[in-house]
Number of protein chains: 6
Amino acid sequence: MTSLSSSGVRADGRTPDQLRDVRITRGWLDQAEGSVLVEFGGTRVLCAASFTAGVPRWRKGSGEGWVTAEYAMLPRATNSRNDRESVRGKIGGRTHEISRLIGRSLRAVIDHSALGENTIVLDCDVLQADGGTRTAAITGAYVALADAVAWGQKQGHVKPGTVLRDSVAAVSVGIIDGVPMLDLPYVEDVRAETDMNVVVTGSGSFVEVQGTAEGAPFHREELNALLDLALAGTAELTRLQAAALAAPVAGFRA
Amino acid sequence: MTSLSSSGVRADGRTPDQLRDVRITRGWLDQAEGSVLVEFGGTRVLCAASFTAGVPRWRKGSGEGWVTAEYAMLPRATNSRNDRESVRGKIGGRTHEISRLIGRSLRAVIDHSALGENTIVLDCDVLQADGGTRTAAITGAYVALADAVAWGQKQGHVKPGTVLRDSVAAVSVGIIDGVPMLDLPYVEDVRAETDMNVVVTGSGSFVEVQGTAEGAPFHREELNALLDLALAGTAELTRLQAAALAAPVAGFRA
Amino acid sequence: MTSLSSSGVRADGRTPDQLRDVRITRGWLDQAEGSVLVEFGGTRVLCAASFTAGVPRWRKGSGEGWVTAEYAMLPRATNSRNDRESVRGKIGGRTHEISRLIGRSLRAVIDHSALGENTIVLDCDVLQADGGTRTAAITGAYVALADAVAWGQKQGHVKPGTVLRDSVAAVSVGIIDGVPMLDLPYVEDVRAETDMNVVVTGSGSFVEVQGTAEGAPFHREELNALLDLALAGTAELTRLQAAALAAPVAGFRA
Amino acid sequence: MTSLSSSGVRADGRTPDQLRDVRITRGWLDQAEGSVLVEFGGTRVLCAASFTAGVPRWRKGSGEGWVTAEYAMLPRATNSRNDRESVRGKIGGRTHEISRLIGRSLRAVIDHSALGENTIVLDCDVLQADGGTRTAAITGAYVALADAVAWGQKQGHVKPGTVLRDSVAAVSVGIIDGVPMLDLPYVEDVRAETDMNVVVTGSGSFVEVQGTAEGAPFHREELNALLDLALAGTAELTRLQAAALAAPVAGFRA
Amino acid sequence: MTSLSSSGVRADGRTPDQLRDVRITRGWLDQAEGSVLVEFGGTRVLCAASFTAGVPRWRKGSGEGWVTAEYAMLPRATNSRNDRESVRGKIGGRTHEISRLIGRSLRAVIDHSALGENTIVLDCDVLQADGGTRTAAITGAYVALADAVAWGQKQGHVKPGTVLRDSVAAVSVGIIDGVPMLDLPYVEDVRAETDMNVVVTGSGSFVEVQGTAEGAPFHREELNALLDLALAGTAELTRLQAAALAAPVAGFRA
Amino acid sequence: MTSLSSSGVRADGRTPDQLRDVRITRGWLDQAEGSVLVEFGGTRVLCAASFTAGVPRWRKGSGEGWVTAEYAMLPRATNSRNDRESVRGKIGGRTHEISRLIGRSLRAVIDHSALGENTIVLDCDVLQADGGTRTAAITGAYVALADAVAWGQKQGHVKPGTVLRDSVAAVSVGIIDGVPMLDLPYVEDVRAETDMNVVVTGSGSFVEVQGTAEGAPFHREELNALLDLALAGTAELTRLQAAALAAPVAGFRA
């Protein structure tokens with residue numbers, strides 16, 4: 001199987017520098033202070049932002065807020081069923097790693113002082129997985145976070161003013177058969193020699209760069225080509241986030 | 001707050017013997033052998049059926065299949081966030097109890113010999129909770145199970161013929177301010193003096209009857225009135241299940 | 001093997017509507033505020049009530065008390081040994097389910113305000129299991145609870161007056177070879193087509209009704225016949241509880 | 001409070017070298033292959049021996065059997081309630097330590113080859129604790145083990161002949177107010193400056209000697225005095241074990 | 001406190017592009033097939049390689065070997081004591097993340113076919129932590145791995161020939177007060193605006209690039225400067241690894 | 001294999017009453033308030049003392065301090081690798097047992113009132129195991145404790161004066177082929193018929209005596225011979241501890 005035909009077109013018809021169909025649906029849940037269903041092609045992640053007044057004990061009296069995230073996958077999000085982590089009684093390393101990545105990415109753009117002593121927890125649950133779940137989660141979670149901040153300001157828990165210093169989005173890139181490609185679905189992801197997740201602010205600076213050689217180690221020029229693709233991809237995602245936040249809330253029946 | 005005005009109409013406009021708006025969307029996931037998003041009003045449960053050839057060790061060589069279920073709630077399915085059971089490192093009693101109830105309910109209508117040595121796991125994940133999540137889960141899981149059985153027959157894993165001896169559906173009933181009512185949303189559920197979950201086959205026999213006095217103990221006549229309501233409600237759910245299975249698969253964008 | 005001969009007599013010589021030999025021994029432990037060894041035939045459950053002044057944090061300042069229960073089985077209570085839940089590192093679903101049932105049953109008859117801000121924990125440990133362990137536990141735990149309440153009043157922790165609004169007892173019923181029967185020992189329990197546990201107050205109202213079709217679903221008339229049996233059985237248990245509470249404390253050497 | 005009056009008599013009337021009232025009741029459970037309720041004064045431990053053909057994987061093919069033990073306390077065995085280890089999700093160090101001690105003590109007298117590839121698990125559950133629970137457990141477990149071995153021989157799982165090379169019993173000793181004393185109840189145990197548990201075979205050899213200075217370190221002569229007391233005490237326990245095994249099985253209603 | 005004086009010299013006297021004093025001591029343990037104490041300044045990591053014939057079940061029959069790693073810290077490796085993960089009962093996200101990173105890094109240079117069906121586990125235990133523990137662990141683990149491979153070849157478990165296709169080393173880099181710096185000790189690490197761990201093969205290709213904005217997001221040029229520093233640093237570490245492997249084994253008393 | 005030749009010399013050349021080469025290196029860690037690498041032949045244990053002002057909640061207001069210990073083994077301390085207890089998610093019985101023994105031994109010589117409301121935790125991590133790890137740990141931990149107490153006095157957390165009422169050391173003894181021997185390495189330990197760990201104060205009183213018959217039960221005279229050996233061995237260890245504390249701190253490069 002090859003995802004790139006001789007004409008340079010991928011299995012799903014995209015060019016190497018093209019994102020999948022991305023949808024950001026706000027207000028997908030009725031009760032959360034912010035909630036987004038984000039889709040990167042067949043990948044669907046439900047991002048719920050829970051706003052609570054107050055902060056964990058170790059941060060009390062600091063005047064600063066706290067933003068954290070938890071990532072998980074439904075057991076049948078993938079092609080074959082995975083056991084639940086609650087049933088196994090412990091959280092796997094991959095889950096921990098991604099939860100921490102999402103949290104760091106969001107904290108990079110929040111002004112903790114402007115948030116005040118409030119906590120926002122982002123739950124990113126993968127309903128269906130087709131590659132790029134962590135990057136879709138970051139991209140959607142930012143929008144849910146923005147809605148939760150706005151809710152907190154409307155309710156008077158947070159002072160008016162800028163709480164989010166910038167936006168943040170993420171995308172995966174990889175090298176497949178020697179060709180750098182943007183936004184890998186599962187079939188490409190498993191074949192990638194190098195796999196990189198890049199988290200970028202709306203203004204184009206890096207928050208995280210995580211590149212891994214799955215097969216052969218990669219050269220400096222390959223790294224550069226992947227970063228170019230990622231910056232273009234996240235710029236497009238930034239536009240889609242802004243558009244979603246500018247439009248009215250669509251809700252579950254969208 | 002009262003959910004029943006003096007005119008006998010509930011807060012959401014229903015009469016005491018009326019179901020909420022029920023929707024059963026088949027094919028909500030792309031990869032599961034059966035998948036249903038079931039909605040009882042604001043309650044939304046994703047039921048995914050995973051078919052695998054073979055059975056657990058203790059059942060090998062019996063010629064019989066196995067059907068089991070796992071129930072869980074997303075952390076922000078409810079009005080305020082609950083900690084994940086995977087993070088707490090153990091599954092709560094309520095989760096265990098409901099998972100077991102769903103499994104028993106489905107096993108009551110399956111012909112294990114006709115299924116052959118195959119296993120079907122039903123994952124019922126509550127995306128949004130507004131009362132009656134376990135009864136919605138059973139009602140939706142039956143439809144996902146039917147699709148998974150059909151998939152198994154189409155693939156040749158299961159012999160043609162009747163594997164499901166009957167259908168099964170469930171509904172909650174309760175007594176509020178002395179009035180027996182059908183299909184309680186959260187606001188009614190917390191006020192109910194008596195709360196009952198009833199699981200009934202398509203032909204009208206009981207699979208499970210679970211009644212609990214939340215406030216005052218209940219009398220025999222109240223029990224009878226609740227059972228009458230539940231039988232009428234599950235008969236209506238049986239019709240909706242049949243209609244969903246007769247219609248083409250709607251899929252996620254329905 | 002059949003437990004009912006052609007003459008309508010069961011393997012242990014009882015008629016279908018007859019309880020096993022029931023014994024309630026108060027004061028079986030020297031140190032607990034209330035303690036009962038309850039026997040339903042070969043089933044033996046030790047019920048210990050621990051009274052402590054004060055309530056859990058979430059109930060402080062409410063003026064109300066709290067009653068809760070924990071159920072467990074010794075590893076060799078059954079015919080073959082079961083691993084300890086402490087060794088496995090987690091509590092099984094069945095254990096959780098029964099602990100919750102006992103707690104709800106006792107709370108249905110206690111006046112939490114009259115108890116004041118005190119906590120009573122009922123530990124129900126099955127020393128030997130021969131069917132009906134949860135119903136024996138509820139029946140015995142009520143007596144231990146009554147003793148613990150009396151202790152609290154004698155010590156001045158609880159004000160004089162009625163704290164227990166009613167008594168509560170429980171019994172299992174089931175349909176075997178088409179015949180509804182009362183108080184099933186293990187050999188009957190495994191053969192029952194329908195199995196029901198019924199918790200009833202001293203005044204004859206229902207606290208819990210939990211019926212499960214183990215084999216074929218059951219009809220309304222069968223349900224009614226089972227409830228009739230259960231009400232007669234719990235009425236007899238109520239008399240035995242009252243007699244035990246009226247007699248002097250027997251103690252361990254009884 | 002003092003447990004030894006000026007006349008050299010203890011609070012419970014015993015002399016320093018006297019055991020408490022010891023009772024060994026065989027056949028206390030109906031289903032276990034061996035079962036004993038052992039009482040050392042107010043300490044009551046239920047010892048159940050479970051015989052199973054076969055051995056753990058690491059011992060297969062060795063021709064040798066395996067004997068192991070698990071010790072636990074019911075939550076209200078003590079004066080104030082302790083949380084269950086199953087609820088806490090882990091076994092405490094003290095429990096581990098005592099389980100291992102009981103297992104080692106029993107293995108010291110068993111001929112593993114004569115037992116053949118069979119496993120006997122001893123469950124020692126403390127129903128009521130008043131000091132010396134581990135020594136009572138060892139003393140009772142030996143008798144339950146003897147009954148389980150006899151059962152295995154009667155059933156033909158174990159070849160006729162000597163499987164138990166000797167008997168084994170245990171007792172606690174300690175120094176209180178400078179006086180060495182035998183078989184300490186709880187009130188003495190907490191006051192002991194030195195506390196020792198001694199496990200001795202029927203023929204008078206040591207299996208385990210575990211002495212701990214709770215207060216001041218102890219001298220060689222004190223150690224010697226304690227060992228003298230312990231040897232006399234275990235000799236008496238050996239006689240009581242032999243008497244119990246020689247008498248008919250008493251059963252639960254003894 | 002500042003780690004860089006106005007003259008461009010760091011608190012410990014190094015220039016920005018200078019490694020700390022690095023020591024690699026082979027044969028630090030007597031029994032492991034490969035063992036290295038690696039020091040990056042005050043950071044000391046004990047890397048033990050355990051060689052076992054055979055592979056995990058999922059890899060059996062593949063003809064390929066398996067290399068994996070576990071990272072941990074002693075409780076007092078750091079300035080204040082941390083609770084043990086064994087006591088807490090679960091492994092933290094950071095530990096998981098680093099264990100996985102070390103394993104991936106080593107697998108990037110091993111020829112799994114040439115290793116044959118053998119498993120090598122690398123245990124990297126931090127005895128003392130002063131920044132850069134994960135990069136020191138990778139750098140030391142490679143040397144222990146090389147010794148374990150040589151052991152396997154000497155014992156005849158592994159065929160002669162090249163099993164390690166390249167060497168691998170790692171270093172941390174970061175931006176402090178705007179200046180890119182190599183190999184950060186703890187005092188610099190906590191002040192870094194951007195923190196990057198880079199894993200590079202002996203031939204200069206990337207295995208992992210993990211950059212995180214701790215404070216402000218970073219620009220493309222900063223990323224480039226950090227990568228330059230890291231490549232120079234790992235080239236030096238590659239030389240030190242080769243020198244250690246060329247010299248005789250020093251052992252614990254070195 | 002025999003460890004004692006006909007000439008009465010052991011495999012490692014020692015006489016039966018001779019200790020292995022013992023080294024006590026203070027200041028092995030840079031950051032701990034006390035730290036010792038203790039070696040008994042090939043057994044190496046790192047003992048780190050962590051001093052913190054304040055005591056656990058249950059001891060607050062008592063005016064007394066608290067000393068506790070945790071023992072663990074690195075996975076490759078032994079000849080074949082053991083799984084980490086953190087990975088298994090629970091601490092084994094042996095680990096618990098030894099941690100408790102070390103804590104009790106140290107508490108036997110500390111004056112809790114003189115320590116004041118301060119806590120000292122001793123972490124004893126076995127870097128390499130060759131028998132006698134618990135006795136080496138106690139012997140080394142005492143020296144680390146002494147350094148931590150001195151640190152606390154120097155910092156003004158602890159009042160001047162005697163906090164350690166005595167020193168404490170421990171050694172293993174055992175009977176091999178009928179000969180009582182001192183300080184057993186692993187090869188002797190596995191062959192010992194009787195194995196005893198003895199903890200003794202500097203002034204020659206017992207803190208703990210733990211003797212176990214691994215093979216045949218042991219007689220009173222054997223016990224006496226073992227105690228003689230142990231007292232001589234701990235007297236020598238006491239001298240080595242005093243010498244280490246009298247000399248300047250050697251540090252890691254010693």
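Helices and strands here are DSSP runs, a helix having at least four residues and a strand at least two. The model is a predicted one. With that in hand, chain A can be read first.

UniProt, in an unreviewed entry, places the feature "domain: Exoribonuclease phosphorolytic" at residues 18–148 and 167–232 of chain A. The annotation thus comes in two spans. Take residues 18–148 of chain A: helix makes up 30% and strand 32%. The C-alpha atoms at the ends of that span are 30 Å apart. Now take residues 167–232 of chain A. Here strand accounts for 44% and helix for 26%. The end C-alpha atoms of this span lie 15 Å apart.

Next, turn to chains C and D. Two copies of a chain are related by a rotation about an axis and a shift along it. For chain C and chain D, the rotation is 180 degrees and the shift along the axis is 0.0 Å. The superposition leaves an RMSD of 0.0 Å. The two copies are therefore related as by a two-fold rotation axis. Where does chain C come closest to the rotation axis? It does so at S86(C), whose C-alpha lies 1.9 Å away. Both copies use the same surface: 100% of the contact residues of chain C recur in chain D.

Now the interface itself. On one side are 38 residues of chain C, in contact with 39 residues of chain D. Together the chains bury about 3,300 Å². Carbon and sulfur atoms give 46% of that area. Within chain C, the residues that lose the most area to chain D are Q31(C), R76(C) and R84(C). Those three together supply 21% of what the side of chain C buries.

Charge pairing is part of the picture. The rule finds 16 salt bridges across the interface of chain C and chain D. One of the salt bridges joins D125(C) to R84(D), with the closest N and O atoms 2.9 Å apart. Polar contacts between chain C and chain D number 30 residue pairs, both partners at pLDDT 80 or more.

Which elements of chain C give two or more residues to the side that touches chain D? They are the strands β2 (34–40), β3 (43–53), β4 (66–73) and β5 (118–128), along with the helix α1 (85–88). β5(C) gives the most, with 6 residues. By residue class, the side of chain C that touches chain D divides into 18 nonpolar, 13 charged and 7 polar residues.

Terms used:
Residues numbered from 1 in each chain as written. Chains lettered and ligands numbered in written order. Predicted model: local features only at pLDDT ≥ 70, side-chain atom pairs only at ≥ 80, totals over all residues. Heavy atoms only, no water. Least-squares fit on C-alpha atoms with pLDDT ≥ 70 in both. Contact = heavy atoms within 4.5 Å. Buried area = accessible area lost by both parts, 1.4 Å probe. Salt bridge = Lys/Arg side-chain N within 4 Å of Asp/Glu carboxyl O. Polar contact = N/O pair within 3.5 Å; in protein donor to acceptor, adjacent residues only side chain to side chain. Nonpolar A, V, L, I, M, F, W, Y, C, P; charged D, E, K, R; others polar. UniProt positions renumbered as here; feature names shortened; annotations may be inferred.
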